[in-house]
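Visitor: Could you take me through one part of this model up close, and then show me how the rest fits around that part?

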Amino acid sequence: MDYFLTEEQAMIRDLARQIAEEKIVPVRRELDEKEEFPREIMKMMAQADLFGLFIPEEYGGLGKGSLELCIAVEELSRACLGVSTTYAANALGSYPILLFGSDEQKKKYLPDIASGKRLVAFGLTEANAGSDAAGIQTTAKLTGNEYVLNGTKQWITNGGEAEVYTIIALTDKTKGPRGASAFIVEKGTKGFTFGKKEEKMGIRASSTTELIFENCRIPKENLIAKEGMGFVVAMKTLDNSRGGVGAQGVGVAQGAFEEAVKFAKQRVQFGHPVISFQAVQHMLADMATDIEAARALVYAVARFIDSGAKDVTKESAMAKVFATDVGMRVTTNAVQVMGGSGYMREYPVEKMMRDAKILQIYEGTNQIQRNVIGQAITKKHK
Ligand code: COS
């Protein structure tokens with residue numbers, strides 16, 4: 001379907017697709033099996049200016065928006081969700097600075113993010129604060145000119161690999177979500193270490209670790225916005241990035257669908273290619289329809305965000321929940337269409353199905369997204 005992309009948006013799509021097909025597809029299985037971080041691929045993406053897409057021109061980026069980022073994320077996800085997660089989590093980690101940082105903070109960090117020199121990670125989740133994000137226990141205490149951080153963040157994408165971390169911690173334990181604040185912490189700061197690299201079901205090329213803060217002192221200038229604004233920074237960050245998770249769902253679904261069609265044309269049973277059977281065609285028809293609907297919603301929400309709309313909470317949750325459910329459904333059905341072959345590691349769809357599962361979990365489970373949408377509807381109609 002024609003999504004009326006500008007010439008520039010089509011160029012971004014073609015560039016990301018070329019990198020995906022030439023550089024990612026040949027190594028994705030190896031990266032998955034060895035749980036290897038895609039450092040070389042990140043370098044190539046940096047050379048292609050893909051890290052600068054969403055960074056304003058005045059800070060060394062290309063000044064594009066959510067739609068361009070979603071287009072790039074979709075193409076990378078069509079090849080490998082492990083790689084696209086690394087790339088998308090960098091944007092997630094950058095949003096607190098981009099949306100709420102001071103001019104000094106932006107000048108200090110955004111140019112290196114735009115060039116791909118420094119990778120970013122976002123640290124909100126803790127052992128006892130997943131869906132209940134306001135339940136974090138990591139603290140940040142102002143002592144003289146420094147904040148002292150204590151606590152542990154869990155399951156942080158790009159952990160250990162990123163140079164810059166945007167962290168949500170409590171500056172006032174008595175105030176609940178209103179006692180949270182956002183900070184920038186650089187790798188190498190004394191008292192900031194990493195836990196072991198997690199072993200995951202999917203997206204195994206991406207790095208996931210704990211972030212451990214033990215009397216970690218950071219300059220007070222590293223506070224983002226004001227004390228007490230941390231929960232809002234986190235929520236607005238997620239509002240801006242959840243569409244990108246939707247784009248991951250579209251991309252992985254597209255990749256799996258193409259594999260299933262290719263296979264169904266070649267596989268002969270009962271004397272005919274299996275694609276000639278109506279049972280298979282109906283599955284492929286549903287998969288193709290799901291993908292178009294998800295892409296249309298993700299692009300529409302990205303355009304809505306780029307229009308400067310103030311409140312995109314409900315819409316970004318809708319894009320995330322719909323497109324990632326599609327990602328899971330389509331990858332599962334791609335395995336089904338390919339039968340025994342689909343289940344074998346020789347073909348890429350078993351990896352795609354394993355990878356897709358995380359999309360229904362991270363950046364807020366799909367149950368939480370439905371809560372968010374439900375709360376927005378309730379608020380509007382009360
Ligand atoms: N934008 C701006 N402010 C927001 C907001 C948003 N999208 N969502 C919530 N807030 C504000 C609320 O307005 C409220 O402010 P006040 O205290 O001034 O009224 C405050 O934040 C707390 O909101 P709420 O009471 O809704 O918080 P809950 O503790 O009930 O949180 C949700 C519920 C669903 C919002 C939250 O826990 C959530 O999104 N969980 C999933 C977290 C997640 O995505 N984790 C993944 C980590 S990153 S991979």
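Guide: Let's start with helix α6, residues 103-114, in what is a predicted model. The helix has 12 residues, and from its first C-alpha to its last it reaches 16 Å, close to the 16 Å expected at 1.5 Å a residue. Look along α6 for the residues tucked away from solvent: Gln105, Lys106, Tyr109, Leu110, Asp112, Ile113 and Ala114 are buried. The cover over those buried residues includes one helix, α5 (81-100), along with the strands β1 (120-123), β4 (164-170), β5 (180-186) and β8 (223-224). Just past the end of α6, check the backbone at Gly116, where phi is positive, at about 80 degrees.

Now step back for the setting. The protein has 11 helices and 10 strands. Its radius of gyration is 21 Å, and the globule rule gives 21 Å for 382 residues, so the protein is as compact as a globular protein of that length. Taken along the principal axes, the C-alpha atoms fill a box of roughly 80 × 50 × 40 Å. Of the 382 residues, 53% are buried. As for how the chain folds back on itself, take the contacts between residues at least 6 apart in sequence: 75% of them join residues at least 24 apart.

From there, move to α7, which runs over residues 230-266. With 37 residues at 1.5 Å each, this helix should span 54 Å, and its end C-alpha atoms are indeed 54 Å apart, so the two values agree. That doesn't make α7 free of bends, though: there is a kink of about 35 degrees centred on Asn240. Helix α7 is also mostly covered, with 29 of its 37 residues buried.

One of the residues to pick out in α7 is Glu259, which pairs with Arg28 in a salt bridge whose closest N and O atoms are 4.0 Å apart. This pair links distant parts of the chain, since Glu259 sits in α7 and Arg28 in helix α2 (residues 28-34), 231 residues away in sequence. Both partners are out of the way of solvent. Glu259 has a relative accessible area of 14%, so it counts as buried, and Arg28 is buried too, at 10%.

That is one of 30 salt bridges in the structure, and a couple of others are worth a look for contrast. In helix α4 (residues 66-79), Arg78 and Glu75 are three residues apart, about one turn of the helix. The closest N and O atoms in their salt bridge are 3.6 Å apart, and both residues are buried. The pair belongs to a wider arrangement as well: Arg17, Glu21, Glu75, Arg78 and Glu258 are linked in a network of salt bridges.

Helix α10 (residues 349-356) has a pair of its own. Asp355 and Lys351 are four residues apart there, so about one helical turn separates them. Their closest N and O atoms are 2.6 Å apart in the salt bridge they form, and Asp355 and Lys351 are both buried.

What about the cysteines? The structure holds zero disulfides. For Cys70, the nearest cysteine sulfur belongs to Cys80 and is 18 Å away. Cys70 is buried, at 5% relative accessibility. Cys216 is buried as well, with a relative accessible area of 0%.

To finish, have a look at helix α8 (residues 278-306), where Asp290 lies. At 15% relative accessibility, Asp290 counts as buried. Beyond its neighbours within four places in sequence, Asp290 is in contact with Phe322, Val326, Arg329 and Val330. Gln281 is in α8 too, but this residue counts as partly exposed, at 39% relative accessibility. Setting aside neighbours within four places in sequence, Gln281 is in contact with Ile275 and Ser276. You can also use Gln281 to find your way back towards α7: from its C-alpha to that of Ala264 is 9.4 Å in space, with the two positions 17 residues apart in sequence numbering.

Technical notes:
Residues are numbered from 1 along each chain as its sequence is written. This is a predicted model: local features need pLDDT of at least 70, side-chain atom pairs count only at pLDDT 80 or more; totals for chains, interfaces and linings use all residues. Side-chain values use heavy atoms; hydrogens and water are left out. Helices (H or I, at least four residues) and strands (E, at least two) are DSSP runs, numbered from the N terminus. The expected span of a helix is 1.5 Å times one less than its number of residues. The bend at a residue is the angle between axes fitted to the seven residues ending there and the seven starting there. Buried means under 20% relative accessible area, exposed over 50%, partly exposed in between (1.4 Å probe, protein chains only). A disulfide is a pair of cysteine sulfur atoms within 2.5 Å. A salt bridge is a side-chain nitrogen of Lys or Arg within 4 Å of a carboxyl oxygen of Asp or Glu. The radius of gyration is taken over C-alpha atoms; the globule rule is 2.2 Å times the number of residues to the power 0.38. Contact means heavy atoms within 4.5 Å.
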